[in-house]
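Biologist: I've got a protein on my screen and I'd like to know what backs up the words people use for it. Can you take me through the reasoning?

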Amino acid sequence: MPIYKRRRSALFLPASNARAIEKARTLPADVVILDLEDAVSPEQKALARDQAATAIRDGFPMEVAVRINPIHTIWGEADLALMEDVKPDLLVLPKVESIQNLPSVGIPLWAMIETPLGVVHSREIAEHGDVEALVMGTTDLVKALQARPLPGRENLMYALSQVVTHARAYGKYALDGVHLDFRNLQTLEEVCIQGKNLGFDGKTLIHPAQLEVANRIFSPSPEEIEWARRVIAAWQAKDPDQGVTVLDGMLIEELHAIEAERILELAT
Ligand SMILES: CC(C)(COP(=O)(O)OP(=O)(O)OC[C@H]1O[C@@H](n2cnc3c(N)ncnc32)[C@H](O)[C@@H]1OP(=O)(O)O)[C@@H](O)C(=O)NCCC(=O)NCCSC(=O)C[C@H](O)C(=O)O
Ligand SMILES: [Mg+2]
């Protein structure tokens with residue numbers, strides 16, 4: 001059976017912020033992303049890179065990722081060289097638009113899809129062997145589309161669905177974009193439910209207050225766990241000569257048993 005890692009919450013923080021790095025170690029995030037890119041000013045890029053390296057060497061109780069600057073920028077090569085040395089669990093690449101310049105450094109890559117060309121090429125990016133996850137960058141994408149931020153994200157449905165579909169087609173994880181209105185937990189919950197309904201494994205976050213909502217919404221609910229237990233029991237009890245069974249008047253096929261196993265694995 002495949003191993004499903006929890007990827008409900010991935011918390012960004014500027015690696016220039018030493019207090020936030022310390023705080024992150026105490027938080028219930030599935031993944032912490034030390035950012036060297038857009039959350040860090042040009043003046044603090046070197047400090048952020050060094051602090052990220054020290055923090056990774058010191059260790060984290062959860063998976064730790066670093067988002068480096070794009071390779072073509074003046075910081076990109078130095079970011080990549082140091083991360084190749086300190087080896088975070090994951091490397092987050094911003095604004096990925098093709099597989100041409102994906103670095104191969106023995107660290108699983110999370111490719112951010114945040115430009116129209118990235119959306120167009122998300123199939124080949126998902127197919128790439130070093131890519132473990134596609135991550136929506138909805139803030140940059142809205143800007144690049146010359147769209148407007150909408151609370152219900154109707155204008156992003158094509159991109160969100162395309163990215164989840166391509167991630168799933170190649171067995172990769174898919175993470176939803178950040179919710180900028182970080183003190184509004186009601187609207188966060190609404191977009192988390194929307195993201196879960198679309199198929200995302202979890203959400204990228206920018207503030208500790210967002211963790212509880214994302215972890216709760218992207219965990220299997222008590223109803224889903226109960227359904228999964230009953231499906232597995234029904235599947236195990238079915239007539240071995242039949243390829244299907246019935247539970248509560250609903251047809252159950254092997255695909256439901258596989259999905260039930262995934263839910264129970266994520267619930268433990
Ligand atoms: C958004 C913030 C600037 C708000 O900061 P602040 O006003 O300081 O928040 P609080 O006072 O409420 O903080 C309370 C305590 O929590 C700690 N804290 C805050 N944020 C984080 C964090 N992200 N990780 C860890 N700890 C955090 C504070 O230090 C306080 O601790 P304590 O001293 O114990 O009280 C700030 O939250 C922030 O900088 N967030 C991250 C911003 C970021 O990383 N942005 C880049 C990624 S998102 C992106 O780039 C978009 C994407 O690419 C796209 O295109 O969509
Ligand atoms: Mg971005």
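Modeller: Sure, and keep in mind that this is a predicted model. Let's start with ligand 1, which has 22 residues around it.

Biologist: What makes a residue one of those that surround ligand 1?

Modeller: The C-beta atom has to lie within 6 Å of the molecule. Among the 22 residues, the closest are F12, A39, G137, T139 and D140.

Biologist: Which elements each supply at least two residues of that shell?

Modeller: Those are β1 (9-14), α1 (18-24) and α6 (138-145). By class, the shell comes out as eleven nonpolar, five polar and six charged residues.

Biologist: Now the "binding site" feature. Where does UniProt place it?

Modeller: At R67 and E114, according to an unreviewed UniProt entry. They span 48 residues in sequence, but no two of their C-alpha atoms are more than 13.7 Å apart, so they gather at one spot.

Biologist: Okay, R67 then. Why is R67 called buried?

Modeller: The cut-off for buried is 20 or more other C-beta atoms within 10 Å. R67 has 26, so it's buried. As for its place, R67 is in strand β3, residues 63-67.

Biologist: What does R67 touch, if we skip residues up to four places away in sequence?

Modeller: R67 touches I33, D35, L36, E37, V92 and P94.

Biologist: And E114, buried or exposed?

Modeller: Buried, because E114 has 23 other C-beta atoms within 10 Å and the bar is 20 or more. E114 sits in the loop between β5 (109-113) and α4 (116-120). Leaving out residues up to four places away in sequence, E114 touches P94, K95, G137, D140 and L141.

Biologist: Let's go on to helix α4. How do you know that V119 counts as buried?

Modeller: Count the neighbours again: V119, which is in helix α4, has 23 C-beta neighbours inside 10 Å, so V119 counts as buried. With residues up to four places away in sequence set aside, V119 touches I113, A159, Q162 and V163.

Biologist: What separates the C-alpha atoms of V119 and V96?

Modeller: A distance of 9.2 Å, with the two residues 23 apart along the chain.

Biologist: Last one: which domains does the assignment give?

Modeller: Domain 1 covers 9-217 and domain 2 covers 222-267. Taken over C-alpha atoms, their centres are separated by 34 Å.

Conventions:
Residues numbered from 1 in each chain as written. Chains lettered and ligands numbered in written order. Predicted model: local features only at pLDDT ≥ 70, side-chain atom pairs only at ≥ 80, totals over all residues. UniProt positions renumbered as here; feature names shortened; annotations may be inferred. Helix = DSSP H or I, 4+ residues; strand = E, 2+ residues; numbered from the N terminus. Buried ≥ 20, exposed ≤ 12 C-beta atoms within 10 Å, placed from the backbone. Contact = placed C-beta atoms within 7 Å. Nonpolar A, V, L, I, M, F, W, Y, C, P; charged D, E, K, R; others polar. Domains from an automatic or database assignment.
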